[in-house]
Amino acid sequence: MSPHLDAVAVERVWVAGGVVRIAACTRELTVACPDCGRGSARVQSRYCRTLADVAVGGRPVLIVLSVRRLFCDSPGCGRRTFAEQAEGLTARYQRRSPLLQYLVETAGVLLAGRGGARLLRILKVPLSRTSVLFHLMRLPLPPAATPRVLGVDDFALYAVDRRGNRRHT
């Protein structure tokens with residue numbers, strides 16, 4: 001259905017209230033601990049995680065993903081339990097798929113607040129202008145380029161007279 005859903009097993013797809021809902025579960029039997037990297041298959045619990053995804057056929061999509069919480073049995077690891085992540089579909093603490101998050105961030109960069117919210121509303125992602133700006137402010141700034149050559153106009157020398165006024169010298 002979608003390439004980013006390859007990491008999970010889709011169990012059911014249905015439409016309810018104008019929203020496409022997808023029930024899925026993870027496929028991996030053993031999952032590596034995020035701290036020590038040791039694989040674990042010992043399950044502590046299961047829970048459902050709801051993720052928003054990009055619209056399909058003009059309808060918003062919600063993915064109800066069943067994930068496991070696993071024990072880390074490594075004696076040197078400080079983490080006792082961890083939740084599994086579906087590659088390309090989930091990120092820690094996110095309620096949107098990475099594809100939808102990228103769409104929101106791109107709309108924020110290109111159109112900022114109100115314009116980004118209008119575009120996202122057309123794409124069936126209802127967000128307020130303040131939410132679009134919030135996601136824009138979370139993005140890291142691009143690295144500043146260091147100038148290689150400075151010209152005479154790139155800096156100016158100022159002199160201050162006795163009244164405190166600045167003037168070029």
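Let me start with a word we'll need: buried means under 20% relative accessible area. Keep that in mind for the end of the talk. What you see above is a predicted model, and today I'd like to walk you through its salt bridges.

How many salt bridges does the count come to? Three, going by a side-chain nitrogen of Lys or Arg within 4 Å of a carboxyl oxygen of Asp or Glu.

Let's take Asp35 and Arg79. Their side chains meet at 3.1 Å, N to O. Asp35 sits in the loop between strand S3 (31-32) and strand S4 (39-40), while Arg79 sits in the loop between strand S6 (59-71) and strand S7 (81-83), so this salt bridge ties together parts that lie 44 residues apart in sequence.

Next up, Asp73 and Arg42, whose side chains form a salt bridge at 2.8 Å, N to O. Here, too, distant parts of the chain are linked: Asp73 belongs to the loop between S6 and S7, and Arg42 to the loop between S4 and strand S5 (43-56), with their positions 31 residues apart in sequence. As for the surroundings, Asp73 is partly exposed, at 41% relative accessible area. Arg42 also counts as partly exposed, with 45% relative accessibility.

That leaves Arg68 and Glu84. In this salt bridge, the closest N and O atoms are 3.1 Å apart. Arg68 is in strand S6 and Glu84 is in the loop between S7 and helix H1 (98-122), so to speak a link between distant parts of the chain, 16 residues apart.

Now back to our opening word: are Arg68 and Glu84 buried or exposed? Both of them are buried. Thanks, everyone!

Key. Residues numbered from 1 in each chain as written. Predicted model: local features only at pLDDT ≥ 70, side-chain atom pairs only at ≥ 80, totals over all residues. Heavy atoms only, no water. Helix = DSSP H or I, 4+ residues; strand = E, 2+ residues; numbered from the N terminus. Buried < 20%, exposed > 50% of the residue type's maximum accessible area, 1.4 Å probe, protein only.
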